[in-house]
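Work through the following exercises with the sequence and the coordinates at hand. Each task is followed by a solution in steps.

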Amino acid sequence: MDVNGLTAIDVHTHVLASVAEEDRSGADAAALAGTFGEIPELTVPELAAYYRERSMAAVVFTVDSVTRTGREARVSNEEIAEQAAEHPDTLIPFASVDPGRGAAAVRIARRLIEDHGVRGFKFHPSDQEFYPNDRAAYPLYEVIAEAGLPALFHSGQTGVGAGRRGGGGIRLKYSNPMHLDDVAVDFPDMPIVIAHPSVPWQDEALAVAGHKPQVYIDLSGWSPKYFPPQLVAQANTLLKRKVLFGSDFPALTPDRWLTDFAKLDLKDEVRPLILKENAVRLLGLGG
């Protein structure tokens with residue numbers, strides 16, 4: 001990957017369609033429609049073309065929430081990793097393994113690292129219905145930490161199930177970022193990314209990221225014009241090397257995000273840190 005040729009690195013994008021599918025009217029997009037409206041469902045090769053056109057790199061993943069939903073992810077980790085390997089100039093594959101799989105989750109994660117070269121792991125506590133500091137998930141973290149890979153955790157409110165009866169069964173309580181404080185203590189060498197402005201727990205996220213050196217915050221899922229003021233203030237100062245550009249594509253496009261980001265009152269030297277340099281360091285892309 002030619003890092004110098006990139007304008008930005010989007011650390012948070014979703015693969016919603018498989019190359020094996022003919023019908024793309026999937027439940028994943030429908031689950032987000034109440035918050036984001038109609039959104040596109042792209043395959044890995046289509047995501048590669050989309051980001052290459054913008055001279056960007058992107059972290060790509062699915063979400064494995066089989067424990068709660070009873071369904072396997074629409075796009076497999078293996079498909080994402082194998083196809084991302086065909087586009088190494090622009091895509092960085094993460095995996096998602098539901099901690100509720102128990103001992104099988106550990107075996108799956110190890111295989112995805114060793115055989116498929118995934119570069120990190122994505123967790124969604126509300127969708128996967130677990131507290132991040134539940135000790136039952138620790139054997140899975142041990143595999144990730146041993147490999148020196150980052151773990152990215154959804155935090156705060158979610159568009160999944162928003163507006164549906166009973167919120168579609170999604171419980172927000174699991175995604176309070178303060179639960180990650182325990183994980184950061186118990187796995188001090190595993191990089192942790194708190195995904196999204198953590199509404200309504202923004203101060204908790206800032207506290208954990210400010211206190212634990214290996215904890216980052218990504219800014220995905222919200223237009224920058226809606227960022228809480230304390231998040232902007234700390235991104236501009238104390239946490240300027242701990243904050244990452246993420247869009248949450250396709251829920252939010254990088255074009256829309258960057259347009260609104262340009263209007264934030266940030267120091268000139270901070271913008272390139274957020275857009276690319278912090279991610280280069282986190283993901284080990286510096287060569």
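The model is predicted.

**Exercise 1. The negative patch**

Identify the residues that form a negative surface patch, and state which helices supply at least two of them each.

Solution. Start with the members: Glu-114, Asp-115, Glu-142 and Glu-146 form the negative surface patch. Next, assign them to secondary structure. Helix H5 (103-116) and helix H7 (138-146) each contribute at least two residues of the patch. Glu-114, for one, is found in helix H5. Finally, check the accessibility of Glu-114. Its relative accessible area is 59%. Exposed means over 50%, so Glu-114 counts as exposed.

**Exercise 2. Cis peptide bonds**

Examine the peptide bond from Val-199 to Pro-200 and the one from Phe-249 to Pro-250: is each cis or trans? Then place each proline.

Solution. Begin with the general expectation: most peptide bonds are trans. The bond from Val-199 to Pro-200 has omega near 5 degrees and is cis. Pro-200 sits in the loop that connects strand S6 (192-195) and helix H9 (202-211). Now take the second bond. From Phe-249 to Pro-250 the peptide is again cis, with omega near 10 degrees. Pro-250 belongs to the loop between strand S8 (243-244) and helix H11 (254-261).

**Exercise 3. Positive phi outside glycine**

Describe the phi values, locations and accessibility of Ser-55 and Glu-129.

Solution. Recall that most residues other than glycine have a negative phi. Ser-55 is not a glycine, yet its phi is positive, at about 55 degrees. Ser-55 is in the loop between helix H2 (44-53) and strand S2 (56-61). With 33% relative accessibility, Ser-55 is partly exposed, because that value falls between the 20% and 50% cut-offs.

Turn to Glu-129, where phi is also positive, at about 60 degrees. Glu-129 lies in the loop between helix H6 (125-128) and H7. Its relative accessibility is 33%, so Glu-129 is partly exposed.

**Exercise 4. The surroundings of strand S2**

Determine how many residues of S2 are buried, and which strands pair with S2.

Solution. Count first: six of the six residues of S2 are buried. Then separate the faces. Met-56, Ala-58 and Val-60 are buried on one side, and Ala-57, Val-59 and Phe-61 are buried on the other. Both faces of the strand are therefore covered.

Now trace the pairing. Strand S1 (residues 8-14) runs parallel to S2 and is joined to it by five bridges. In this pair, Ala-8 stands opposite Met-56. Strand S3 (residues 91-93) also pairs with S2 in the parallel sense, over three bridges. Here Val-60 stands opposite Pro-93.

Methods:
Residues numbered from 1 in each chain as written. Predicted model: local features only at pLDDT ≥ 70, side-chain atom pairs only at ≥ 80, totals over all residues. Heavy atoms only, no water. Patch = residues over 30% accessible without salt bridge, like charges linked within 9 Å, V, L, I, M, F, W, Y side chains within 5 Å. Areas by Shrake-Rupley, 256 points an atom, 1.4 Å probe, with all protein chains shown as cover. Salt bridge = Lys/Arg side-chain N within 4 Å of Asp/Glu carboxyl O. Lys, Arg positive; Asp, Glu negative; His and termini not counted. Charge placed at Lys NZ, Arg CZ, Asp CG, Glu CD. Helix = DSSP H or I, 4+ residues; strand = E, 2+ residues; numbered from the N terminus. Buried < 20%, exposed > 50% of the residue type's maximum accessible area, 1.4 Å probe, protein only. Pairing = 2+ DSSP bridges.
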